[in-house]
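Me: Could you take a close look at one part of this model for me, the aromatic rings and what surrounds them? I work at the bench, so a plain walk through the residues would suit me well.

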Amino acid sequence: MVAEFGFSILAVSFFVAIYSGIAAAFGVKKQSSALIESARRAQLLTFPLISLAAASLIYLLVKNHFEVSFVYQVTSKSMPTYLKVTAWWGGQAGSLVFWSWLLAAFTSAVTLRKWNRDIEFLPWIIVISAITLTFFLGLVVFFENPFTRFWQDASGQILMGMNGDPIKSVFMPSGALAPFIPADGRGLNPLLRHPGMVIHPPMLYLGFVSFVIPYAFAMAALITGRADDRWIRLTRRWALWAWLFLSLGLVFGGRWAYDVLGWGGYWGWDPVEIAAFMPWLTGTAFLHSVMIQEKRGLLKHWNMLLIILTYELVIFGTFLTRSGVLSSVHAFANSPIGPMFMGFVSLSLIASVALLIKRWPELKSEVEMKSMLSREALFLLNNLLFIGILVVCFWGVISPLASELFTGTKITVGPPYYERATGPLFAGLLFLMAVAPLSAWGHSTVQTLGRALWKTFAAAAVITLILFFAYTHNGYALLGFFLVAFVLLTTLQEFWRGASARMSAQKENFFVALSRLAKRNRRRYGGYIVHISMALMAIGILGIEIFQMETQGTVAAGQSLELGEYRVEYRELASWDDIGAGVNYTRSVVDIYENGIYLGKLYPRIDYYYDSQQNMTIPGQHATLRDDLYILLVDWQPVSAQGATFKIYVNPLVNWLWIGSLLFIFGLVFAAWPDRDPAEAPVRRKVRAENKQAIG
Amino acid sequence: MQRKKFIIGGVLILAAVVYLIASSTKANAEYFMTVDELNAEGAAAVSKSVRLSGAVVGDTIQYDSSTLTLTFDIADVPGDNAQIEAQGGLAKVLHEAVVDPTRARIKVQYEGVMPDLLRDEAQAIMTGKLGADGVFYADELLLKCPTKYEEAVPEQAAAK
């Protein structure tokens with residue numbers, strides 16, 4: 001009953017989405033505001049409709065309706081209720097519904113805003129989002145339906161199709177008597193039963209879907225021919241929030257990998273990870289380069305291109321991250337929806353670029369970029385570096401396809417390729433992060449920049465020298481730490497300069513001055529906080545990538561393993577079943593010492609899930625700002641429980657990665673927080689007037 | 001004049017990125033191979049970076065937990081997904097590869113933690129090098145389990 005209802009509602013919302021798009025386009029053509037209003041209402045209707053369908057799906061998941069194939073795939077009786085709910089996005093079909101639901105919600109938020117200005121954008125935004133929504137709902141309705149069920153014939157046997165798979169359909173096929181109800185579901189992969197994994201996909205999806213809104217505005221601007229930067233101003237916050245969620249999705253994913261996958265790492269350059277990373281790269285470039293357009297009227301084509309790329313990479317990423325074609329892009333054609341995705345990406349890319357070319361002359365820059373060291377030139381360089389990293393990633397992902405096409409042998413590249421090729425580009429970005437904020441709009445010279453930067457440059461050099469004599473001779477590490485110190489000192493100096501100016505002018509104390517300063521220009525100082533957080537994250541990445549230590553061994557109770565300054569002494573081990581949860585726990589107890597001083601106990605363990613016959617290795621972690629002691633239980637002797645095998649990592653500085661992530665959230669929320677005074681708009685006019693004076 | 005400077009700058013950056021990609025690809029390329037292809041190349045493949053895939057033969061899995069040395073045999077499966085689909089899907093192909101004694105096999109050695117997913121008829125995807133002794137030394141071991149595949153048939157009948 002519920003399955004039929006859910007499916008019918010999805011089908012209805014599919015047609016409503018189509019209607020809203022067509023009505024909006026015709027409304028513009030016929031200049032009928034009634035038709036546009038009807039399109040708007042239809043768009044608003046998609047959200048409650050998809051919510052109902054989603055509610056039906058959640059009901060089926062929570063109530064163990066295993067005759068529904070999606071429920072059978074992603075849940076089992078032993079799973080707690082909250083995991084059954086989040087299993088909604090635990091499989092392909094459900095996550096496509098989730099995507100559609102978010103898109104309907106966000107578009108509704110846009111169409112519900114006060115449209116007294118810029119009303120000409122409205123119908124086109126409805127059209128763009130309706131096309132996207134129609135595509136996703138179409139996939140759900142025709143190809144990846146979460147409501148299909150298993151069926152049985154009169155003898156109680158499951159109905160099989162011609163290809164040897166069970167028949168799955170929403171409505172009763174001929175020859176069927178009743179739905180076939182498996183006794184239990186297969187259950188969510190235990191690796192995914194982790195709080196990090198519960199929120200990681202929705203964060204990524206929030207980020208993905210929010211980027212559709214700036215794209216829709218950009219397309220609306222191209223279609224209506226409004227070549228000014230109104231679309232950028234209207235979507236600035238959308239882009240910031242999108243970027244925040246996407247970043248959070250990546251960070252949660254990294255933390256999950258670190259806690260659960262048991263290889264002492266957080267990022268493996270897997271194609272699935274890269275798929276989520278690529279729109280982040282173009283999105284980051286976009287956030288920077290729109291500032292150039294707002295302040296200087298430059299790079300208009302470039303911004304359009306960036307948002308188009310981001311949108312296409314979002315669609316592509318959605319497909320890659322959820323299609324289960326794990327770790328090998330050459331497995332594309334496996335899924336029936338693969339070609340659909342490639343088709344949609346190609347068509348929308350061609351259409352968007354064609355529109356951009358049509359409006360090309362109207363998007364001419366208002367001034368010319370003059371100085372190689374001006375802020376806008378350095379921002380452009382930043383953009384090129386981001387795109388460079390994107391190209392490296394894209395080449396890495398498609399290398400098996402490309403090499404087979406051109407040379408006949410299939411070649412792939414692993415993490416060392418990405419590390420080697422992106423390393424210099426990331427270093428360049430860090431350098432720019434220190435230099436660019438101090439360069440001036442319009443014109444800077446080596447002298448002006450040098451005067452602003454020499455102190456922090458010298459201080460960073462001194463810190464690097466200290467590191468060289470006291471800690472490490474590794475050249476990459478020293479260069480990295482130098483750049484990090486340069487960024488941190490220069491950015492902090494900027495806070496200090498602004499605050500001390502206020503302190504003397506307004507007679508405020510330091511903290512009041514600092515907070516008022518930052519609040520007066522949220523985007524700028526929020527951006528600086530994000531820069532600081534990036535530098536902190538870089539510390540963590542340099543630490544774990546360059547200085548990670550590991551050892552492994554089998555020890556009897558009372559014996560110990562040593563690594564660096566740590567000693568790990570094995571005490572005991574216990575193994576027991578939790579029947580209700582369907583899990584067997586094997587937990588070891590170890591004492592840890594640092595330079596002979598007792599620090600405490602850790603409990604590395606292995607959880608064995610009976611329903612999926614799969615292990616999950618949970619490390620014991622001792623985290624400090626200096627390093628992370630990370631202990632994995634690998635194996636044990638079941639009879640005597642006398643000996644156990646451990647793998648131990650020391651991951652220096654890695655916690656700065658997570659500290660940086662927290663600061664990053666703060667900085668971005670600070671930057672995106674709604675301002676009361678819209679003081680930004682007149683700024684550019686002033687700058688332009690000044691330029692005219694300078695030129696004339 | 002200004003324009004020229006920017007174009008030159010852009011070209012230089014582009015050249016740098018292309019150089020980074022080309023040299024890194026060259027230094028880190030791994031060749032996709034099946035067990036059949038690797039055996040056919042034999043000595044010529046020794047010390048070449050290879051990404052090898054095959055079906056794990058359950059009886060041959062041996063693990064020495066004191067040295068963390070894992071050895072097992074893999075049987076040849078097609079490298080191409082279209083071919084796998086044509087032969088009835090991954091689970092079937094893996095099963096047939098393991099039960100067929102005439103299939104090409106190769107011994108794999110891996111040092112490290114025994115992966116949770118390693119079991120009979122799993123698909124192993126490894127990167128590593130073929131040793132002169134004919135053993136494939138894997139640096140990295142990834143496993144896919146056909147039982148986790150979405151198309152698997154429900155086993156238990158309903159108690160309705």
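Reply: Happy to help; what follows starts with the aromatic pairs, moves to the cores, and ends with a strand region and the confidence values.

Please keep in mind that this is a predicted model. Over all chains, the count of aromatic pairs comes to 52. A good one to start with is Phe136(A) with Phe341(A): their ring centres are 6.0 Å apart and their planes meet at 75°, so this pair is edge-to-face, the term used for planes over 60 degrees apart. The two partners come from distant parts of the chain, with their positions 205 residues apart in sequence. Phe136(A) belongs to helix 6 (residues 122–143) of chain A, while Phe341(A) belongs to helix 12 (residues 337–358) of chain A. Both Phe136(A) and Phe341(A) are buried.

Another edge-to-face pair is made by Trp269(A) and Phe277(A), at 6.2 Å centre to centre and 80° between the planes. Trp269(A) has a relative accessible area of 11%, so it is buried, the limit being under 20%. Phe277(A) is buried too, at 9% relative accessibility. These two residues are part of a cluster linked by ring pairs, which also takes in Trp243(A), Trp267(A), Trp280(A), Phe386(A), Tyr417(A), Tyr418(A) and Phe664(A).

Some rings have a charged partner. Arg113(A) places its charged end over the ring of Trp115(A), 5.0 Å from the ring centre. Likewise, Arg567(A) lies over the face of Tyr593(A), and here the distance to the ring centre is 4.4 Å.

Now to the packing around the rings. The largest nonpolar core has 185 residues, and those touching the most other members are Trp99(A), Phe217(A), Trp231(A), Phe277(A), Ile315(A) and Phe341(A). Phe277(A) and Phe341(A), from the ring pairs above, are thus on that list. Ile315(A) shows how the first pair fits in: leaving out residues up to four places away in sequence, Ile315(A) touches both Phe136(A) and Phe341(A), along with Trp99(A), Thr132(A), Phe135(A), Phe344(A) and Val345(A). There is also a second, separate core of 24 residues, and Ala45(B), Ile106(B), Val108(B) and Phe136(B) are among them.

For a contrast with the helices, have a look at strand 13 (residues 627–636) of chain A, where Leu633(A) lies. Of the 10 residues in strand 13 of chain A, 8 are buried. Leu633(A) is buried as well, with a relative accessible area of 1%. Beyond its neighbours within four places in sequence, Leu633(A) has contacts that include Leu573(A), Ile606(A), Ala644(A) and Phe646(A). Arg605(A) is another contact of Leu633(A); the two are 28 residues apart in sequence, yet their C-alpha atoms are 5.8 Å apart.

Strand 13 of chain A has partners on record here too. Strand 12 (residues 620–623) of chain A runs antiparallel to strand 13 of chain A, joined by 4 bridges, and the two form a hairpin with 3 residues between them. Strand 14 (residues 643–652) of chain A also pairs with strand 13 of chain A in the antiparallel sense, over 9 bridges. Asp628(A) is the bridge partner of Ala623(A), and Asp628(A) stands opposite Asn651(A) in strand 14 of chain A.

Finally, a word on confidence. Chain A has a mean pLDDT of 87, and 94% of its residues reach 70 or more. Residues 324–333 of chain A have a pLDDT below 50, although this stretch has 25 contacts in the model beyond near neighbours in sequence. Where pLDDT is low, predicted coordinates should not be read in detail.

Methods. Residues are numbered from 1 along each chain as its sequence is written. Chains are lettered from A and ligands numbered from 1 in the order in which they are written. This is a predicted model: local features need pLDDT of at least 70, side-chain atom pairs count only at pLDDT 80 or more; totals for chains, interfaces and linings use all residues. Side-chain values use heavy atoms; hydrogens and water are left out. Rings of Phe, Tyr and Trp (its six-membered ring) pair if their centres lie within 6.5 Å; planes under 30 degrees apart count as stacked, over 60 as edge-to-face and the rest as tilted. Buried means under 20% relative accessible area, exposed over 50%, partly exposed in between (1.4 Å probe, protein chains only). A charge sits over a ring if NZ of Lys or CZ of Arg is within 6 Å of the ring centre and within 35 degrees of the ring normal. A nonpolar core is a set of buried Ala, Val, Leu, Ile, Met, Phe, Trp, Tyr and Cys residues joined through side-chain atoms within 4.5 Å. Contact means heavy atoms within 4.5 Å. pLDDT is the predictor's confidence in each residue, from 0 to 100. Two strands pair if DSSP finds at least two bridges between them.
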